[in-house]
Amino acid sequence: MTLSNKQAYIQQLCNENGIISALAIDQRGALKKMIGRFQDHSVTTEQISAFKKIVSAELTPYASAILLDPEYGLPAAQVRDEQAGLLLAYEKTGYDASTPGRLPDLLSNWSVKRLKENGADACKFLLYYDVDEPDEINDQKKAFIERIGSECLAENLPFFLELVSYDAAIPDTTSKEYALKKPHKVNDMMREFSQARYGVDILKVEVPVNINYVEGYAEEAAYTKEEAAAYFKEQAEATGLPYIFLSAGVSAELFQETLQFAKTSGSKFNGVLCGRATWANGVEPFVTQGESAAKEWLQTQGRTNIEALNNVLQKTATPIHL
């Protein structure tokens, strides 16, 4: 079988079993806040870039790929393990909170062509989406994704769309109130952006429930285990595209438990793009003790986190068939 260009790129992002076990460190604003928590002076560009480099050098030997941003992450891309694929983020970090709708924006001096020229095996774009917001907001987002999909098609580069749900009327997405709405939000937006018109190759998505409100994991449950399992199954049926899970900042242990629950529920997810669950606790030694302490943490606890995750993926994820 001859692989198309896009398929060959996707293969570069998978491990030998056809599963995406990728590391995400494209955080910019969030990483700046994490570093700032441990020091009393402003965070520098050099600090952000240096931490990304250390994470890339130490952890990519155990990952199938790494997701970085072109603003601070290109030096980290240069020191990744040679077998690890590269995804580059195309969105500006965050969103304008003063404008309703969490409207997306692109990095103004980048294009898919430029991402590709800098070694990207895929373009990743993050979209905040509330399926229940008015059409005048969501139509703008749909057109935006159509444009990126067309750009990726022109460059023959895979398009990874990261979908993060929210509710414009519920500011706290960790609340029980939001947990009850989350399955509808996540699964319906997956259904929308799986349409061919958007040109998406792989979806990067949340799990459809807040695991902290699943019976057995929570003091105050929003769903029984059976209901939660049904939402995972519904998610698998909502798309014909490969999809991978993001860790959403939960602990490494809880994320691994979530993947096992997903598998037993009939989920057909194809891997993960896992960020903070793997490396977040390495920020403190980096800031307070220096680069060598951060390296030591990543070589021990960071490696343990990613290898434990790989073991879980081997038993739970479905290979991508190219």
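**Questions on the strands and their surroundings**

User: In what order do the eight strands close into a barrel?
Analyst: Strands are DSSP runs of E with at least two residues, and helices are runs of H or I with at least four, both numbered from the N terminus. Two strands pair if DSSP finds at least two bridges between them. The pairing here is parallel. Eight strands close into a barrel in the order 1-2-3-4-5-6-7-8.

User: What pLDDT do side-chain atom pairs need in order to count?
Analyst: Residues are numbered from 1 along each chain as its sequence is written, and side-chain values use heavy atoms, with hydrogens and water left out. In this predicted model, totals for chains, interfaces and linings use all residues, local features need pLDDT of at least 70, and side-chain atom pairs count only at pLDDT 80 or more.

User: What does the twist average from one strand to the next?
Analyst: Axes are lines fitted to C-alpha atoms (for helices, over the stretch in contact), and angles between N-to-C directions run from 0 to 180 degrees. From one strand to the next, the twist averages 25°.

User: Which residue in strand 3 stands opposite Ala65?
Analyst: Strand 1 and strand 2 are parallel and joined by three bridges, and Ala22 stands opposite Ala65 in strand 2. Strand 2 is in turn joined to strand 3 by four bridges, again in the parallel sense. There, Ala65 stands opposite Gly85.

User: Are the faces of strand 2 covered or uncovered?
Analyst: A residue is buried if its relative accessible area is under 20%, exposed if over 50%, and partly exposed in between (1.4 Å probe, protein chains only). In a regular strand, side chains alternate between the two faces of the sheet. Ala65 and Leu67 are buried on one side, and Ile66 and Leu68 are buried on the other. Both faces of strand 2 are therefore, by the definition of buried, covered.

User: What is the bridge partner of Tyr128 in strand 5?
Analyst: Strand 4 (residues 122-129) pairs with strand 3 (residues 85-89) over three bridges; in strand 4, Ala122 is the partner of Leu87, and Lys124 stands opposite Ala89. Seven of the eight residues of strand 4 are buried. Strand 4 also runs parallel to strand 5, with seven bridges between them. The partner of Tyr128 in strand 5 is Val164.

User: At about what angle does helix 1 run to strand 3?
Analyst: Helix 1 (residues 5-13) lies across strands 1, 2, 3, 4, 5 and 6. Contact means heavy atoms within 4.5 Å. The angle of helix 1 to strand 3 is about 105°.

User: At about what angle does helix 9 run to strand 7?
Analyst: Helix 9 (residues 252-264) lies across strand 7 (243-246) and strand 8 (271-274). Its angle to strand 7 is about 150°.

User: Which helix gives the most to the largest nonpolar core?
Analyst: A nonpolar core is a set of buried Ala, Val, Leu, Ile, Met, Phe, Trp, Tyr and Cys residues joined through side-chain atoms within 4.5 Å. The largest has 82 residues, and those with the most contacts inside it are Ile145, Leu161, Leu203, Phe245 and Trp279. With seven residues, the helix that gives the most to this core is helix 12.

User: What is the volume of the second largest pocket?
Analyst: On a 1 Å grid over the protein atoms alone, a pocket is an open set of points with protein on both sides within 12 Å along at least five of seven lines, and lining residues have an atom within 4 Å of a point. Grid points are joined across faces, edges and corners, and a volume is the space filled by probe spheres set on the points. The second largest pocket has a volume of about 210 Å³.

User: Is Glu155 buried or exposed?
Analyst: Glu155 lies in helix 6 (residues 135-155). Leaving aside neighbours within four places in sequence, Glu155 is in contact with Val112, Lys113 and Lys116. Its relative accessible area is 15%, so Glu155 is buried.

User: Is His321 buried or exposed?
Analyst: His321 lies in the segment after helix 12 (291-316). Its C-alpha atom is separated by 42 Å from that of Val287, 34 residues apart along the chain. The relative accessible area of His321 is 71%, so this residue is exposed.

Methods: 1 Å grid on protein atoms, 1.4 Å probe; cavity = no way out; pocket = protein on both sides within 12 Å on 5 of 7 lines; lining within 4 Å.
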